[in-house]
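This report describes selected features of one protein model. Please examine the sequence and the structure shown here before reading on.

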Amino acid sequence: MNRVVHFEIHAEDPKRAAGFYKAVFGWKIDQWEDKPYWMVVTGEEDKENPSKYPGINGGMMIRKGPPPTEGQAVNAYVCSMVIENMDETIKKIEASGGKVAVAKFAFPGMAWQAYYKDTEGNIFDLHQPDANAK
């Protein structure tokens, strides 16, 4: 079976976007040498099994076209982040310049879900497992 192993975030201002993702999710984001590309590490390697990661890592690059417009339907993949505390994460997102796309809602008996926009207008998904969600 084929798996997703890398993602890319397109940003008008990669430094601003990097600040957002660092503040909200604690990701490590560094420019790759002097290239217009930033490496994104979303979690630590499993030292016992180096080929196993708790998720996927990615990259960030300068957007080559216009940003998404307000109210535009999603026209790309949406990355989902599993989080421990929806309300605390939402506070971090909003304090860091993110905006709600779809407010928090329940998948009854399974999880809380919400969709937000980063500082560049990209939509991402928050997923907090919770058997008591309703």
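## Charges over rings

The charged end of Lys-35 is placed over the ring of Trp-32, at 5.3 Å from the ring's centre. The model is a predicted one, and every value in this report is to be read with that in mind.

A second arrangement of this kind involves Lys-104, which lies over the face of Trp-112. Here the distance from the ring centre is 4.6 Å.

## Glu-33 in its loop

Glu-33 belongs to the loop that runs between β2 (28-31) and β3 (37-41). Its phi angle is near 50 degrees, a positive value in a residue that is not glycine.

Is Glu-33 buried or exposed? Glu-33 has a relative accessibility of 58%, and because a residue over 50% is classed as exposed, Glu-33 counts as exposed.

## Aromatic pairs

Across the whole structure, a search finds 10 aromatic pairs. One of them joins Phe-7 and Trp-27, whose ring centres are 5.8 Å apart and whose planes meet at 45 degrees, a tilted arrangement. This pair connects distant parts of the chain: Phe-7 is in strand β1, Trp-27 is in the loop between α1 and β2, and 20 residues separate them. Phe-7 has a relative accessible area of 10%, and because the limit for a buried residue is under 20%, Phe-7 is buried. Trp-27, with 10% relative accessibility, also counts as buried.

Phe-20 and Tyr-21 form an edge-to-face pair, with 5.0 Å from centre to centre and 90 degrees between the planes. Both Phe-20 and Tyr-21 are buried. Which residues do ring pairs link into a cluster? The cluster consists of Phe-7, Phe-20, Tyr-21, Phe-25, Trp-27 and Phe-124.

## The largest pocket

The largest pocket holds about 1,200 Å³ of space. It is lined by 38 residues, and those closest to its centre are Phe-7, Val-78, Cys-79, Ser-80 and Phe-124. Phe-7 and Phe-124 also appear in the aromatic cluster described above.

Which elements supply at least two residues each to this lining? They are β1 (6-11), α1 (14-25), β5 (80-82) and β8 (123-129). The element that gives the most is β1, with five residues. By type, the lining residues divide into 23 nonpolar, 10 polar and five charged.

Note on methods. Residues are numbered from 1 along each chain as its sequence is written. This is a predicted model: local features need pLDDT of at least 70, side-chain atom pairs count only at pLDDT 80 or more; totals for chains, interfaces and linings use all residues. Side-chain values use heavy atoms; hydrogens and water are left out. Helices (H or I, at least four residues) and strands (E, at least two) are DSSP runs, numbered from the N terminus. Buried means under 20% relative accessible area, exposed over 50%, partly exposed in between (1.4 Å probe, protein chains only). On a 1 Å grid over the protein atoms alone, a cavity is a set of points where a 1.4 Å probe fits but cannot get out, and a pocket is an open set with protein on both sides within 12 Å along at least five of seven lines; lining residues have an atom within 4 Å of a point. Grid points are joined across faces, edges and corners, and a volume is the space filled by probe spheres set on the points. Ala, Val, Leu, Ile, Met, Phe, Trp, Tyr, Cys and Pro count as nonpolar, Asp, Glu, Lys and Arg as charged, and the others, Gly among them, as polar. Rings of Phe, Tyr and Trp (its six-membered ring) pair if their centres lie within 6.5 Å; planes under 30 degrees apart count as stacked, over 60 as edge-to-face and the rest as tilted. A charge sits over a ring if NZ of Lys or CZ of Arg is within 6 Å of the ring centre and within 35 degrees of the ring normal.
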